[in-house]
Amino acid sequence: MKNFNEEDARNEYKKRQSNFTTDDINKILDKSEELKSTFQKQGKLAKFFNDFKLLFSMIKDYSCGKYTEVPWYIIAAIGAALLYVLSPIDLIPDFIPIIGYLDDAAVFAFCLNQVRSEVDKYKYWKACNS
């Protein structure tokens, strides 16, 4: 197995972001419980659980038209990262003990760094509209 690094995470993230479609949003929404469970139970992803909830909420609010003040490429970036987490076969297959979710966490962390300013805007919007 090849060593996994930040460049691998970036490349995988960018590839999946460019292929993301509106149909993929529904895949994410349909798998909400699976995603939630994965983020809660997998050590490398568990530290991102609150971030996951926020990003999932952003995708959901975007999909139902409540929050549309976000560029498509941000939705595609978030969606691509979430679909990567859902995929059992990726750069490091999820079934490999201990390290199986290392790449998922790296791709998700890379995504967070890329979308942080838009997520902060969404948090503000959410607070004002709750």
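These notebook entries record what I looked up in a predicted model.

**Entry 1. Helix H6**

I began with helix H6, which covers residues 72-86. I compared its length with expectation: at 1.5 Å a residue, its 15 residues should span 21 Å, and the end C-alpha atoms are 21 Å apart, so the two agree.

I then asked how many residues of H6 are buried. The count is 12 of 15, and I noted the helix as mostly covered. Among the buried residues are Ile74, Ile75, Ile78, Leu82, Val85 and Leu86. The buried set also includes Ala76, Ala77, Gly79, Ala80, Ala81 and Tyr84.

Next I looked up which helices the buried residues of H6 pack against. I found H1 (6-18), H2 (22-30), H3 (32-41), H4 (43-46), H5 and H7 (102-128).

**Entry 2. Ser57 and the H5 to H7 pair**

I turned to Ser57, which is found in helix H5 (residues 49-63). Ser57 has a relative accessibility of 17%; the limit for buried is under 20%, so I recorded this residue as buried. Setting aside neighbours within four places in sequence, I found Ser57 in contact with Tyr122 and Lys126.

Lys126 led me to a salt bridge with Asp61, in which the closest N and O atoms are 3.2 Å apart. This pair links distant parts of the chain, with Lys126 in helix H7, Asp61 in helix H5, and their positions 65 residues apart. I checked the exposure of both partners. Asp61 is buried at a relative accessible area of 6%, whereas Lys126 is partly exposed at 31%.

**Entry 3. Further salt bridges**

How many salt bridges does the whole structure hold? My search of the structure gave five. Besides the Lys126 and Asp61 pair, I examined two others.

In one of them, the side chains of Asp24 and Lys27 meet with an N to O distance of 3.1 Å. Both residues lie in helix H2, and because they are three residues apart, about one helical turn separates them. Asp24 is buried, with a relative accessible area of 8%; Lys27, at 46%, counts as partly exposed.

In the other, Glu118 pairs with Lys121, the closest N and O atoms being 3.3 Å apart. I placed both residues in helix H7, three residues apart, or about one turn of the helix. Is Glu118 buried or exposed? Its relative accessibility is 9%, so I entered Glu118 as buried. Lys121 has 48%, and I entered this residue as partly exposed.

Note on methods
Residues are numbered from 1 along each chain as its sequence is written. This is a predicted model: local features need pLDDT of at least 70, side-chain atom pairs count only at pLDDT 80 or more; totals for chains, interfaces and linings use all residues. Side-chain values use heavy atoms; hydrogens and water are left out. Helices (H or I, at least four residues) and strands (E, at least two) are DSSP runs, numbered from the N terminus. Buried means under 20% relative accessible area, exposed over 50%, partly exposed in between (1.4 Å probe, protein chains only). Contact means heavy atoms within 4.5 Å. The expected span of a helix is 1.5 Å times one less than its number of residues. A salt bridge is a side-chain nitrogen of Lys or Arg within 4 Å of a carboxyl oxygen of Asp or Glu.
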